[in-house]
Amino acid sequence: MIQQRESFLNNIAKALGRDVNMANKPELKWQYNPQSSTLINLSKNELLQLFKSQCNTIHTNYVVSKVADLKNELKHRVELNGGGPVSLWKDERFAEFGLQSLIEEEWPALNVAVNEWNPDIGAANLTQAKRSNVGITFSDMTLAETGTVVLFSNSGKGRSVSILPKTYIALIPQSTIVPRMTQAAQFISQKVKNGEAMPACINFISGPSNSADIEMNPIIGVHGPIKATYIIISDR
């Protein structure tokens, strides 16, 4: 709750010699607005190529898969990264993209533990995510310029799934790839203008965690997943 806002703003307005404006948003007239035009003329395939090239820069593996091959590709990628336990969101897209049988039947039959985020169990989700070897989510928006996946968290989509496991796998429908941060900001801004419910948290993830704070020496896997893999779904 914001306290003493009115008196605070009144003091500032008085110091500036003008009235407080709480009704009309100041109109912004930019002389130059390059962020709105950068990369917007790229085709769908050109955006994909740009995204792939950026994956090489951010130390992130990527593979392109069709929906029909996605189940086997995901299963293979989890095995390559050491297997389960697996944590994932409570997300209807897993069923929509044909992954339900892998999650509910094949992995359990192979003794691969699957932890689906469950808002009813509260902090136990964090424990499960911390013990998991692989975290899997879908990307809600994907930024070609920086190789970034954008995750909109909610009660069934805890941010810990993409942060606590050793390995992170993002499932990326190609249709979610946009040029850059500008488009993500415009989308979020429009949701605010429409009065829509906002995500509990918005995460921007560009590959595995890394830092170059110490003498500019890049270190991969500092405070999150050590490895990251993007599976780009080409026909959705």
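Q: What distance does helix α7 (residues 181-193) reach from its first C-alpha to its last?
A: The model is predicted: local features need pLDDT of at least 70, side-chain atom pairs count only at pLDDT 80 or more, and totals for chains, interfaces and linings use all residues. Side-chain values use heavy atoms, with hydrogens and water left out, and residues are numbered from 1 along each chain as its sequence is written. Helices (H or I, at least four residues) and strands (E, at least two) are DSSP runs, numbered from the N terminus. Helix α7 has 13 residues, the expected span of a helix is 1.5 Å times one less than its number of residues, and the reach of α7 is close to the expected 18 Å, at 18 Å.

Q: Which strands are included in what covers the buried residues of α7?
A: Buried means under 20% relative accessible area, exposed over 50% and partly exposed in between, with a 1.4 Å probe and protein chains only. In α7 the buried residues are Thr182, Gln183, Ala184, Ile188 and Lys191. Their cover includes β5 (141-143), β6 (148-153), β8 (177-178) and β9 (201-205).

Q: In what order do the four strands of the open sheet with mixed pairing stand?
A: Two strands pair if DSSP finds at least two bridges between them. Strands β8 and β9 each have a single partner strand and stand at the edges, so one side of each lacks a neighbour in the sheet. The order is β8-β5-β6-β9.

Q: What angle does the direction of α7 make with that of β5?
A: Helix α7 packs on the sheet and touches β5, β6, β8 and β9, where contact means heavy atoms within 4.5 Å. Axes are lines fitted to C-alpha atoms, for helices over the stretch in contact, and angles run from 0 to 180 degrees between N-to-C directions. On this basis the angle between α7 and β5 is about 150°.

Q: Which residue in β9 is the bridge partner of Leu151?
A: Strands β6 and β9 run antiparallel and are joined by five bridges. The partner of Leu151 in β9 is Asn203.

Q: By how many degrees, on average, does the open sheet of six strands twist from one strand to the next?
A: This sheet has the order β1-β12-β7-β4-β2-β3, with parallel pairing. Its edge strands, each pairing on one side only, are β1 (61-65) and β3 (114-116). The average twist from one strand to the next is 20°.

Q: Which residue in β12 stands opposite Leu171?
A: Strand β7 (residues 167-173) and strand β12 (residues 227-233) run parallel, joined by seven bridges. Opposite Leu171 in β12 stands Ile231.

Q: Is His59 buried or exposed?
A: His59 lies in the loop between α2 (44-57) and β1. Leaving aside its neighbours within four places in sequence, this residue is in contact with Pro208 and Ile220. Its C-alpha atom is separated by 6.5 Å from that of Gly207, 148 residues apart along the chain. Because its relative accessibility is 51%, His59 counts as exposed.

Q: With which residue does Lys71 form a salt bridge?
A: Side chains of opposite charge can pair when their charged atoms come close. A salt bridge is a side-chain nitrogen of Lys or Arg within 4 Å of a carboxyl oxygen of Asp or Glu, and by this rule the count comes to nine. For Lys71, at 24% relative accessibility and therefore partly exposed, the closest N and O atoms of the pair are 2.9 Å apart, and the partner is Glu106.

Q: How many residues apart are Lys71 and Glu106?
A: The pair links distant parts of the chain, with Lys71 in helix α3 (residues 67-80) and Glu106 in helix α5 (residues 100-109). Glu106 has a relative accessible area of 24% and is therefore partly exposed. The two are apart by 35 residues.

Q: Which residues do salt bridges that share partners join into one network?
A: Asp91 forms a salt bridge with Arg93, with closest N and O atoms 2.8 Å apart, and the side chains of Asp91 and Lys157 meet in another at 3.9 Å, N to O. Both Asp91 and Lys157 are buried, and Arg93 is buried as well. Asp91 lies in the loop between β2 (86-88) and α4 (93-96) and Lys157 in the loop between β6 and β7, so their pair ties together parts that are 66 residues apart in sequence. The network comprises Asp91, Arg93, Asp140 and Lys157.

Q: What percentage of the 236 residues in the protein is buried?
A: The protein has seven helices and twelve strands. Among its contacts between residues at least 6 apart in sequence, 77% join residues at least 24 apart. The buried share of the 236 residues is 40%.
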